[in-house]
Amino acid sequence: MITSLIEAFGHCPLCGSPDYDREPRGTRHCRSCGHRDYNNPITAVAALILDPEGRLLLIRRAKEPALGLLAMPGGFVDAGESLEQALQREITEEIGLALTSVGYLCSHPNDYTYRGLTRPVCDVFFHARATSFNVVLQHEEVTDWQLRPLRDINPAELAFDSMRHALATLRARS
Ligand SMILES: [Zn+2]
């Protein structure tokens with residue numbers, strides 16, 4: 001069974017009271033100390049990297065969620081990082097490339113389930129170029145990679161709705 005992370009809390013994390021009410025839109029409010037958690041999303045970044053022929057770099061996911069489906073490389077922003085820093089760190093870790101000409105493309109809500117607990121995510125997408133395509137895969141995260149003309153990508157092959165949205169946004173600009 002999948003439960004939202006904020007729903008799973010039995011007590012207020014601040015004062016420990018069990019009077020931790022569920023409110024509309026997924027927020028929680030403590031009747032004892034007044035603490036309120038707004039269930040704000042965590043942030044993830046991903047890059048739509050185009051080669052000189054306009055083909056998009058896609059990876060094949062080695063892990064759940066969406067094991068075996070195609071995705072744009074990226075990951076979660078760490079505390080203390082900017083979006084740009086997180087993007088380059090994740091791209092270096094997953095595929096070993098250095099990005100250039102990075103620009104904002106679009107964002108889209110998503111969610112992420114880990115050990116049965118789901119939390120809201122805001123996925124932020126960037127378009128980018130790479131200094132080379134000498135890909136070095138991080139095999140725990142990625143099984144394979146490919147360069148695909150935009151028109152040849154079936155959105156159903158992609159891991160998340162947010163990525164289908166990003167592909168459609170990039171296609172509309174091209
Ligand atoms: Zn409290």
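Which residues are buried in H2? They are Ala-86, Leu-87, Glu-90, Ile-91, Glu-94 and Ile-95. The model is predicted. The domain assignment splits the protein into domain 1 (3–37) and domain 2 (42–173). The points below cover two helices, one buried loop residue, the domain contact and some backbone outliers.

**Helix H2**

- Helix H2 covers residues 83–95, which is 13 residues.
- From first C-alpha to last, H2 reaches 18 Å, close to the 18 Å expected at 1.5 Å a residue.
- The buried set of H2 includes Glu-90 and Glu-94 alongside Ala-86, Leu-87, Ile-91 and Ile-95.
- Viewed down the helix axis, the buried residues of H2 fall within an arc of 125 degrees, so they line one face.
- The general rule is that an α-helix has 3.6 residues a turn, so residues three or four places apart point the same way.
- The cover over the buried residues of H2 includes S5, S6, strand S8 (74–76), S9, S10 and S11.
- Gly-96 follows H2 and has a positive phi, near 70 degrees.

**Helix H3**

- Helix H3 runs over residues 161–173 and has 13 residues.
- At 1.5 Å a residue H3 should span 18 Å, and its end C-alpha atoms are 19 Å apart, which agrees.
- Buried in H3 are Ser-162, Met-163, His-165, Ala-166 and Leu-167.
- These buried residues of H3 pack against four strands: S5 (42–49), S7 (70–71), S9 (99–114) and S10 (117–130).

**Ile-153, a buried loop residue**

- Ile-153 sits in the loop between strand S11 (142–149) and H3.
- Ile-153 counts as buried because it has 20 C-beta neighbours inside 10 Å, and the cut-off for buried is 20 or more.
- Leaving aside residues up to four places away in sequence, Ile-153 touches Leu-56, Arg-148 and Leu-167.
- One of these partners, Leu-167, is itself among the buried residues of H3.
- Ile-153 and Leu-58 are 95 residues apart along the chain, and their C-alpha atoms are separated by 9.8 Å.

**Domain contact**

- The C-alpha centres of domain 1 and domain 2 lie 33 Å apart.
- Four residues from domain 1 and four residues from domain 2 make up the contact.
- On the domain 1 side, strand S1 (3–4) and helix H1 (5–8) are the elements that give two or more residues.
- The domain 1 residues that touch domain 2 divide into two nonpolar, two polar and no charged.

**Backbone outliers**

- As a general background, most residues other than glycine have a negative phi, and most peptide bonds are trans.
- The bond joining Glu-64 and Pro-65 is a cis peptide, with omega about -5 degrees.
- Pro-65 lies in the loop between strand S6 (55–61) and S7.
- Ser-101 is not a glycine, yet its phi is positive, near 50 degrees.
- Ser-101 belongs to strand S9.
- Ser-101 is exposed because it has 12 other C-beta atoms within 10 Å, where the cut-off for exposed is 12 or fewer.
- Arg-115, also not a glycine, has a positive phi of about 50 degrees.
- Arg-115 lies in the loop between S9 and S10.
- With 5 C-beta neighbours inside 10 Å, Arg-115 counts as exposed.

Technical notes:
Residues are numbered from 1 along each chain as its sequence is written. This is a predicted model: local features need pLDDT of at least 70, side-chain atom pairs count only at pLDDT 80 or more; totals for chains, interfaces and linings use all residues. The expected span of a helix is 1.5 Å times one less than its number of residues. Two residues are in contact if their C-beta atoms, placed from the backbone, lie within 7 Å. Domain bounds come from an automatic or database domain assignment. Ala, Val, Leu, Ile, Met, Phe, Trp, Tyr, Cys and Pro count as nonpolar, Asp, Glu, Lys and Arg as charged, and the others, Gly among them, as polar. The arc is that of the directions from the helix axis to the C-beta atoms.
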